Every structure is written in C-alpha cells, then in structure tokens.
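The following paragraphs lead the reader through a protein structure, from its sheet to its aromatic pairs and its helices. Please keep the sequence and the structure in view while reading.

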Amino acid sequence: SNFRQWKTIKMWRNSYRNFKNKVAKKNLEEKLLFKTPELKFALISTKESLYEMSKNSLFDLHLSKEGSQDVNSFDQFLRVQEEKAKLTQSKIRDASKKITDIVTKSVEDVLEKLRKEVNSDISNNPNEKSKNTQNFRSAENPYENLCFQDHLTYDKRSMIRKDCARFVRFFYLIDVLAIDTLIKIYINSFKSLIDEVEDLSHVSDNFIFRDVDKTKPIGRKDPMFQLEVQFDCSVAQALKEFKTNIVEVPEFRFPKMEDEETKPSDYKDFNILTFPFLIPEIAPEEFNEQQKNYLEYREARTYSNVILTNIQEKVCWLNPKIDTFLDQIEKLFNDALTHLQAFSSFAKHHSMKKYIAILEEWQEKEDEKEETIETTILSPQEFIDHEEKHALEKSLKGLITSEFDRSLSFLEEYREFLQQNWEYKKFDMSLILNRRLARPGQTFVALLNLIEYQKSNFETQIPFQADVGLFRIQSSSLKNALIKNTKDFEENISH
C-alpha cells in the first residue's frame, strides 16, 4: 500500500515537472529573442554599434596644437567642447539611424516569413495589400497594414500577435540598451575630464617663464586653462587699505663718487621713500664739506621701510574669476545631457504603432498615452543616477577651486615688483628740487642707479608666464606695464 502511494506520488511529481518544463520551454520559444535568427542578428549588430558609440566622448581633452605651446583660454575651451559635443551628437544620430535600419530590416524579414506562412493557402494581391504600410489608421483592419489577408482565422491572428508582442519587447530592449550607452558616454566623459584635471593638479612644481626664449621641458604636460593677470597699477588705495609691515633698515652707505667700479646693483638697497630726506636748515655757503655733512646728520636718524604685504591681492586679480568657472562647469553638466538627446526611441517611434495595434489588449492603453508623448528622442536625464551626477560635479568643482586658489597664491611672485612700483607712485618729485635735500648730488646719482638696476631687474625677473598645475598664468601685460612705469619715472627724474 505504501509502495503504491509512493509510486503514485513520484509519477505525479515527474509528470508535473515535465509539464512545467514544457510550459517554460514554450514561453522561452515565444519570448526569447535569440530564438528568431533575424532578431538575434539584429540584437548582436545593435550591441556592436552601441559599443562603438560608447567610445565617443563629450569633451576634447587634446587641446594642445602640434608645434604650439599656446593654451586655450576658458572661453576657447568652452567653444572647443561645444564643437566636440555637437560632433558626438551627430555620431549618436548616425548610430541611431544605422540601428534603426538594422532593426527595421530584421523585423520586416520576420514578417515576410510570417506572411508567406499565413497567406500560403490564400489567394491575394501583394501589390494591393502593400499600398498602405506607413499609417495603419488609414486601414480599418490593422492586419491589412502589415500586408496580411483580411478575414484571418483566430489561429493565424494569434501567430501574428505573438510575433508583434516579440517585436514590441525587442523595441523596448533596444531603448534600454541605448539609454545605458548614453549614460555611459555621459559618466565616462566627465570621469575622463576629472582624471585630466586631477593629473594636472598633481604637478607640484611651478614652471615659471621669465625669459621669452625659455621653452617647456620635454614631457611636461600643458595646463588645461589660461588665466590672465589683470591689475590696477595706479595704486589709488590709501595706505590704510594695505596690510603693512614696518621694517627698520640700516643707514645706506653711499659708494664713493670717484669709484670707477660702481655699478647700478650697488644701489639696490637704496629705498626712494626712506633715504632721501630734508635737513632742517640750509648750510651757509662758507661751510666746508665736513661741516655740511655734520649739519645734515647732526641728529640721530632711524630708517624704516614700509612693506605692503598684501599689495598683490589689492592691485591684481585673475581673469576669469572662480565664480565664472564654477557657473560654466555647472552649465557644462546640464548641456551635456541635452547634447545626448539624439537617439531615436523605438518604443515611442510612430512605426511601432502598427505592431501595437495588433495587440488588441494594449490598443486602448497606448491610445491614451499617445497624446502625452512629446518627443521620440530618448532622454538620459530621466534615467541617470542624479547622486552620481552630483558627486562628479562636486568633485570637478572642488579640484578647480583648489587649483584656482593655488594660482592666486602664485601672485606672491609679483609682490616685490608691485611694491617698487608703489614706491615710484608715492615718491614726491619736488623732493629732489628742494634746496634742503640732504646730499643732493649723491641722492640723485643713487636714484638714477637704482632705477637702472630695477629696470633691468623687472625685464629679467618678472614672470611673463607661469604653468601652475591646471592653469597657465599669463602676465606679460603686467610685466610690460611695470617696465613702462619704471621708464616713465626715470624720464621724470631726468627732466
């Protein structure tokens, strides 16, 4: 008795298992796209085309022109990226058209085989039935729109519905694969940009161009952006607007006038605001040189220089400013999503309607959705991970901000030269014409030699360009302005 029960249960179990396997096999045969050779070929070809499409980037990071050491300004960089994004958009459209042709042909091949099978025993006129293949609504019967004979049996209509259901699933699959590829292009493009910025930020040593003929070392990467040092050398600010440091200095010892080896560099420590001074009274003409010197220096004097420790922050700034960079980077992220909207959706395409019309249970639902569809172009913005997008944007902005602060710190290189320019502006020209000027001859010679030394120093030591990590700082206009101010001061002194 137990054996019979056991045997019955075992036979039932085997029968049920076989039944479930048959049902699963049938479902796979009906739904598995690879079961249809034409769709299998189309799917493989589509994946190959999408893989090639995924290699495109929204950004052109090879900005240096061959044989040129120029670096793009930020505006030029944005224009280059706009052109690159449009080129990528065009390539996406081409890939979309290529895939559309592949999928359309594969679907038509499947339908052609099905027509032959369904219409094999029905006399029909193919030319008459294929008149209206663009708009199924002009035919009362959706089967006629697919060139099938009217008055089909239920079995034949069922066969057509199964294939149409497979086509619809296939179209949605293509859309999913395309959306995934578009998101990859977006993410990979920004990751490449971030990697490039990060690599440049790791270049710790600044390369400073002081000589026009100096060339960049072989193997050193060019910066990505160019900044212009802008300035206001009029120095209209009051002294209280600067951070000052008062430094006591020893009395300047004038070289002997008869010393033939005297050169301008011997006067580099002579400060035009510190050492020229007026004596309380004019020495009588009958006083000899020793008496005159005693009169000029009979009172103990202390000398001090006023150092403007933040003059470079007050009179210089970098253009474009950091706010411009951050605003444009945010716009870059948003515009990139717009440029990716170039792939036609199969699920929303008008050619899909004739297949949906066959699926009677979907017809009413799709008719309701039809009015809400505004575009047939896939939009990756609806599917992108916004947290990942925000993280990429935050990372890029952080790197650029850090590198911009590093460039601002580099302006310290100009502090000494700006200080000397400020001293020229503050010097009182009437001082050298005053009869009470102490040691007028020596003071005038010291002024001329100091100017000659500083003019030469400006020409050889002020950077006209510097590569500071991510940025190339262009300061030739500042250098030329400081040199010109020195020459103007020399002319005023001489006259």
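In this predicted model, five strands form an open sheet, and their order is β1-β6-β7-β2-β5. The pairing within the sheet is mixed. The edge strands are β1, residues 207–209, and β5, each of which pairs on one side only. On average, and with direction ignored, neighbouring strands of this sheet are turned by 20° against each other.

The pairings can be followed strand by strand. Strand β6, residues 465–468, runs antiparallel to β7, and the two are joined over four bridges. Across this pairing, D467 stands opposite R472 of β7. The two strands form a hairpin with two residues between them, and in this hairpin G469 takes a positive phi near 60°. On the other pairing of β7 the sense is parallel: strand β2, residues 225–231, and β7 are paired over four bridges. Here F225 has F471 of β7 as its bridge partner, and L227 has I473 of β7.

Strand β2 also pairs with β5, residues 316–319, in the antiparallel sense and over four bridges. Within this pairing, E228 is the bridge partner of N319 in β5, while Q230 is matched with W317 of β5. The residue N319 has a further feature, since the peptide bond that leads from N319 to P320 is cis, with omega near 5°. P320 itself is located in the loop between β5 and α9.

How are the two faces of β7 placed, buried or exposed? Both faces are covered. F471 and I473 on one side are buried, and so are R472 and Q474 on the other.

The aromatic residues form the next topic. A pair of aromatic rings is described by the distance of the centres and the angle of the planes. A search of the whole structure finds 30 aromatic pairs. One of them is formed by F171 and F346, which are stacked, with 5.9 Å from centre to centre and 20° between the planes. F171 belongs to helix α6, residues 154–201, whereas F346 is in the loop between α9 (322–339) and α10 (353–356); the pair therefore ties together parts that lie 175 residues apart in sequence. Because residues under 20% relative accessible area are counted as buried, F171, at 4%, falls into that class. F346, with a relative accessibility of 7%, likewise counts as buried.

A second pair has another geometry. The ring centres of F325 and F471 are 5.4 Å apart and the planes stand at 80°, so this pair is edge-to-face. It links distant parts of the chain, with F325 in helix α9 and F471 in strand β7, residues 471–474, at a separation of 146 residues. Both F325 and F471 are buried. These two residues also belong to a cluster that ring pairs build from F74, F77, F225, F325, F404 and F471. F225 and F471 thus appear in this cluster and are also bridge partners between β2 and β7.

The helices offer further contacts. E393 lies in helix α12, residues 386–410. Why does E393 count as buried? The reason is that its relative accessibility is 11%, and the limit for a buried residue is under 20%. With neighbours within four places in sequence left aside, E393 is in contact with E330 and F333.

Another contact joins helix α13, residues 415–426, to helix α15, residues 476–494: their axes come within 10 Å and cross at roughly 35°. The crossing of α13 and α15 is left-handed. On the side of α13, the contact is made by F417, L418, N421, Y424 and K425. On the side of α15, the residues are L478, L482, N485, T486 and F489. Sorted by class, the contact of α13 with α15 has six nonpolar, three polar and one charged residues.

Beyond α13 there is a last local feature of the backbone. R439 is placed in the loop between α13 and α14, the latter spanning 440–461. Its phi is near 45°, which is a positive value in a residue other than glycine.

Notes. Residues numbered from 1 in each chain as written. Predicted model: local features only at pLDDT ≥ 70, side-chain atom pairs only at ≥ 80, totals over all residues. Heavy atoms only, no water. Axes fitted to C-alpha atoms, helices over the stretch in contact; angles between N-to-C directions. Left-handed = near helix turned anticlockwise from the far one by under 90°. Contact = heavy atoms within 4.5 Å. Nonpolar A, V, L, I, M, F, W, Y, C, P; charged D, E, K, R; others polar. Phe/Tyr/Trp six-rings, centres within 6.5 Å; stacked < 30°, edge-to-face > 60°. Buried < 20%, exposed > 50% of the residue type's maximum accessible area, 1.4 Å probe, protein only. Pairing = 2+ DSSP bridges.
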